[in-house]
Amino acid sequence: MAQSPHDEVSSTLFRAPPEVRGQVIIDKNPGVSCVVNKTNEIDNTYRNFKMEVLAGEENMVAKVKENGVSYEFDFSRVYWNPRLSTEHMRVVQQVQRGATVFDVFAGVGPFAIPAALRGATVLANDLNPESHRWLQHNVKLNKVATKVRTFNLDGRAFIRGPVRQELPALLKTEAEIHVVMNLPALALEFLDAFRGLLDGAPCCDTNLPTVYCYGFSKDEDPKKDMMEKASKSLGFCLEGRCSVEFVRNVAPNKDMMCVIFAVPKEVLFSTEGDQTEEPAPKRHKCEETTE
Ligand SMILES: C[S@@+](CC[C@H](N)C(=O)[O-])C[C@H]1O[C@@H](n2cnc3c(N)ncnc32)[C@H](O)[C@@H]1O
C-alpha cells in the first residue's frame, strides 16, 4: 500500500514524495525527521518519516517555529523534537511573570525562551557546546537577552553552582521558582544534586522550588515507577507529595513521563550533603510503603 505523508514510519527509510524531492531532507536523530524546504523552514507535515539528504548542499541549519516562537539551529548537532511542542507549552503555561526558571538541560531553548517571553527570569544550561551556542543565538533572535542567562555546564554542576547561588534569596520572596529537567534517559539520577543543596542556609520552606523531571518508564505502573525512582534519587519519599504526568509513548511499552514536586525542605536543608551512594533514611520508608 502506498504511504501517505501522514503515515508513521519509524524503522524503514522513506524516500520523500516527489513534491519535496530536491529539497533538503534530514534525519540525524532517531525518531525525529523533518523536511527542510528551500528557505530552510521545517515542514512538520513530513516529520514522522525517516529521511535522508537527497539533493542540494548538506546544510542542516534550520528555522522552526514552535508555539509561535522562532528557533534556529544546526539539526545535525543539537537535540530538537517537534513531538514535544505540547509538553513545552504545558509547562511554560504554568510560569507566571516574575517567576525564576532554572532549565538544567535546556537544549536550544524551547522551555527557556517562551518562559522568558512570559516575563520570567531564566537561567538556562546545556552541556553540549553546540546546543549552548544555538541557545545563545535563539535568546538574541527572540530578544530576551535581558531575561536569560546561559550556562555551559554539566547539569549537576549547574544545580550545585548557579542554582545554589540564586536559591537562598529567591526562597525569601513569593515569586515562583521552577526547575525543568528534560533529559529523560538520565534526569532522575541528577535529583541527588538537591540533597543538602542549602546545607547551612537558614531553613525557609514557604516558597520551595517546583521540579519538572522527565524520565522513561517501561513499568506497568509508570506513575508509581517515576515516583519511586525520583524518591530514591532524592533520598526522600515523594509518595503523596508529587504528581506524575504522561508525556508521550516513545516505543511499545515505553512512556515518557514527568514527575512534578516541590523539593522538600528536608532534602534542600539536609546536613547530609550530596550523597550519591547512601540514601537518606526516608527512602526506606518510601520503599516499604510502595512495594
Ligand atoms: C532531551 S534534550 C532536551 C532539550 C530541550 N530542553 C527540549 O525540551 O527540547 C536534553 C539536553 O540535555 C543536554 N545534556 C545532556 N547531558 C547533559 C548533562 N550531563 N548536563 C547538561 N546538559 C546535558 C543535551 O545536550 C540536550 O540538549
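Start by selecting strand S6, residues 100-103, in this predicted model. Show the side chains: Thr 100 and Phe 102 point one way from the strand, while Val 101 and Asp 103 point the other way. Are these residues buried or exposed? All four positions, on either face of S6, are buried.

**The partners of S6**

Now add strand S7, residues 121-125. S6 and S7 pair in the parallel sense, with four bridges between them. For a landmark, pick Asp 103 and look across to S7, where Ala 124 stands opposite. To see how the chain gets from one strand to the other, follow the backbone out of S6 through helix H2, residues 112-117, and on into S7. This β-α-β crossover is right-handed.

Next, select strand S9, residues 177-181. S9 also runs parallel to S6, and four bridges join the two. Here the residue to click is Phe 102, which has Val 179 of S9 opposite.

**The whole sheet**

Zoom out and colour the strands. Which order do they take across the sheet? Reading across, you should find S8-S7-S6-S9-S10-S12-S11, seven strands in an open sheet with mixed pairing. Go to the two edges, S8 and S11: each has a single partner strand, so one side of each is left without a neighbour in the sheet. If you look along the sheet for its twist, neighbouring strands are turned by 15 degrees against each other on average, direction ignored.

**Around the ligand**

Bring up the ligand and select the 17 residues around it. Which of them come nearest? Those are Phe 105, Gly 107, Leu 127, Asn 128 and Gly 155. Colour the shell by class and you get eight nonpolar, seven polar and two charged residues.

**Two loop residues with positive phi**

Jump to Lys 143, in the loop between helix H3 (129-141) and strand S8 (148-151). Check its backbone: phi is positive, about 55 degrees, although Lys 143 is not a glycine. Why does Lys 143 count as exposed? Because it has 11 C-beta neighbours inside 10 Å, and the cut-off for exposed is 12 or fewer.

Last stop: Asn 253, in the loop between strand S11 (242-251) and strand S12 (254-262). Asn 253 is another non-glycine with a positive phi, this one about 65 degrees. With 11 other C-beta atoms within 10 Å, Asn 253 is exposed.

Key:
Residues are numbered from 1 along each chain as its sequence is written. This is a predicted model: local features need pLDDT of at least 70, side-chain atom pairs count only at pLDDT 80 or more; totals for chains, interfaces and linings use all residues. A residue is near a molecule or strand if its C-beta atom, placed from the backbone, lies within 6 Å of it. Ala, Val, Leu, Ile, Met, Phe, Trp, Tyr, Cys and Pro count as nonpolar, Asp, Glu, Lys and Arg as charged, and the others, Gly among them, as polar. A residue is buried if 20 or more other C-beta atoms lie within 10 Å of its own, exposed if 12 or fewer, and partly exposed in between; C-beta atoms are placed from the backbone. Two strands pair if DSSP finds at least two bridges between them. A crossover is right-handed if, with the strands pointing away from the viewer, the path from the first strand over the helix to the second runs clockwise. Axes are lines fitted to C-alpha atoms, for helices over the stretch in contact, and angles run from 0 to 180 degrees between N-to-C directions.
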